[in-house]
Amino acid sequence: MVRLNPLTNLTLAAGAVVSVLIANDWRFSLLTWLVAAVIAIVARSPLKTFLGATAVSLPAFIGFTLMYGPFGREPWWGMITRDGMQIALSLGLRFLAATTIGLTIGYFVDLDRLMRSLQTKAPAKLVYVLGSTFRLYPMARARVETIRQIQATRGIDVRSWSARWGVVLPLIVGLVDDAAQRARPLQRTGIGDPGRRTILRPVPDRPIDHVIRIVVVVAVIAVIIVSL
């Protein structure tokens with residue numbers, strides 16, 4: 001099986017989300033959600049991501065119902081209006097489809113390969129900023145786990161609220177220290193110097209990747225034209 005370039009997967013995810021938002025059609029949104037479900041079921045690995053995205057979308061349905069349901073012009077059931085519920089359903093499905101398809105396809109984006117692929121296509125400083133941003137959450141999560149393990153070895157109940165608040169300051173100090181520790185090695189690598197960049201293990205960018213990205217862009221443009 002051909003492994004796509006991470007930029008291709010990212011383009012697919014972004015194109016799908018943009019198409020859902022632009023189309024503004026509940027049938028298109030429902031179809032997109034079904035496509036995300038099929039991808040998650042067939043691939044299996046992003047199934048938890050798909051289910052999580054679906055669960056996160058449920059409060060959006062409730063919120064849209066409360067915002068639009070009672071304030072339409074066509075009475076339906078009690079204080080709920082027919083046209084208000086249609087708007088709420090359309091917005092809820094759009095949010096559901098955009099969230100699930102974006103996260104399900106985005107699951108296949110390998111961050112390390114994406115950064116290596118961008119190194120030869122984007123300015124080094126920009127790649128560093130993006131990489132640092134993407135890695136902030138996993139780095140913070142790993143450091144929190146380390147801090148909690150240290151607290152546990154000292155006999156502190158890590159489940160208490162005081163222990164949880166006690167994680168904040170060491171976490172911030174640790175992340176700032178990590179950033180300072182990375183600064184000098186980055187300067188030695190010449191990250192701020194101009195010139196062509198090369199990497200030890202380049203990420204393949206095959207013709208099929210170019211074709212898929214072009215098709216996605218054309219499809220998004222087609223959705224825009226049809227939606228006008």
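Where is Arg44 found? Select Arg44 to begin the tour, and you will land in the loop between α2 and α3, the latter helix running over residues 47-68. Keep in mind from the outset that everything on the screen belongs to a predicted model. Arg44 has a positive phi of about 70 degrees although it is not a glycine, and with a relative accessibility of 66% this arginine counts as exposed, because the cut-off for that class is over 50%.

**The loop before α2**

Move next to Asn24, which sits in the loop between α1 and α2, where α2 covers residues 26-43. Here too the backbone takes a positive phi in a residue other than glycine, the angle of Asn24 being near 55 degrees. Asn24 has a relative accessible area of 43% and is therefore classed as partly exposed. Now add Asp25 and Arg27 to the selection and show their side chains, which meet in a salt bridge with an N to O distance of 3.0 Å. What is the class of each partner, buried, partly exposed or exposed? Asp25 counts as partly exposed at 23% relative accessibility, whereas Arg27, with a relative accessible area of 54%, is exposed.

**The start of α5**

A search of the whole structure finds three salt bridges, and another of them is reached by selecting Asp110 together with Arg3, whose side chains meet at 3.4 Å, N to O. This pair links distant parts of the chain, since Asp110 lies in the loop between α4 (82-106) and α5 while Arg3 lies in the segment before α1, 107 residues apart. Asp110 itself is partly exposed, at 26% relative accessibility. Stay on Asp110 and look at the backbone just beyond it: at the start of α5, a side-chain oxygen of Asp110 reaches to within 3.0 Å of the backbone nitrogen of Asp112. Then extend the selection along helix α5, residues 111-119, where Arg113, Leu114, Met115, Ser117 and Leu118 are buried.

**From helix α1 to the far end of the chain**

Select Thr11, which is found in helix α1, residues 6-23. At 21% relative accessibility Thr11 counts as partly exposed, because the buried class requires a value under 20%. Which residues does Thr11 contact, once its neighbours within four places in sequence are left aside? They are Arg213 and Val216. For a sense of how the chain returns to this place, measure from the C-alpha atom of Thr11 to that of Val218: the two are separated by 12 Å, although they are 207 residues apart along the chain.

Arg213 is worth keeping selected, for this residue also forms a salt bridge with Asp205, the closest N and O atoms being 3.0 Å apart. Arg213 is buried, with a relative accessible area of 15%, while Asp205 is partly exposed, with a relative accessible area of 23%.

**Strand β2**

Go on to Thr81 in strand β2, which consists of residues 80-81. This threonine is buried, at 7% relative accessibility. Its side chain reaches the backbone nitrogen of Gly84 at 3.3 Å. Leaving aside the neighbours of Thr81 within four places in sequence, its contacts include Tyr68, Pro70, Phe71, Arg73 and Trp76.

**The two domains**

Finally, step back and colour the chain by its domain assignment, which gives domain 1 as residues 6-109 and domain 2 as residues 113-188. The C-alpha centres of these two domains lie 32 Å apart. Where they meet, four residues of domain 1 are in contact with five residues of domain 2, and the two domains bury about 370 Å² between them, 87% of it on carbon and sulfur atoms. Select Pro6, Leu7 and Val109 to see the residues that supply 92% of the area domain 1 buries against domain 2, more than any other three residues. By class, the side of domain 1 that touches domain 2 has four nonpolar residues, with no polar and no charged ones. Between domain 1 and domain 2 the count of salt bridges is zero, and across their interface zero residue pairs are found in polar contact, where both residues must have pLDDT 80 or more.

Notes
Residues are numbered from 1 along each chain as its sequence is written. Side-chain values use heavy atoms; hydrogens and water are left out. Domain bounds come from an automatic or database domain assignment. Contact means heavy atoms within 4.5 Å. Buried area is the accessible area (1.4 Å probe) that two parts lose on being put together, summed over both. A salt bridge is a side-chain nitrogen of Lys or Arg within 4 Å of a carboxyl oxygen of Asp or Glu. A polar contact is a pair of N or O atoms within 3.5 Å; within protein, one must be able to donate a hydrogen and the other to accept it, and residues adjacent in sequence count only if both atoms are side-chain atoms. Ala, Val, Leu, Ile, Met, Phe, Trp, Tyr, Cys and Pro count as nonpolar, Asp, Glu, Lys and Arg as charged, and the others, Gly among them, as polar. Helices (H or I, at least four residues) and strands (E, at least two) are DSSP runs, numbered from the N terminus. Buried means under 20% relative accessible area, exposed over 50%, partly exposed in between (1.4 Å probe, protein chains only).
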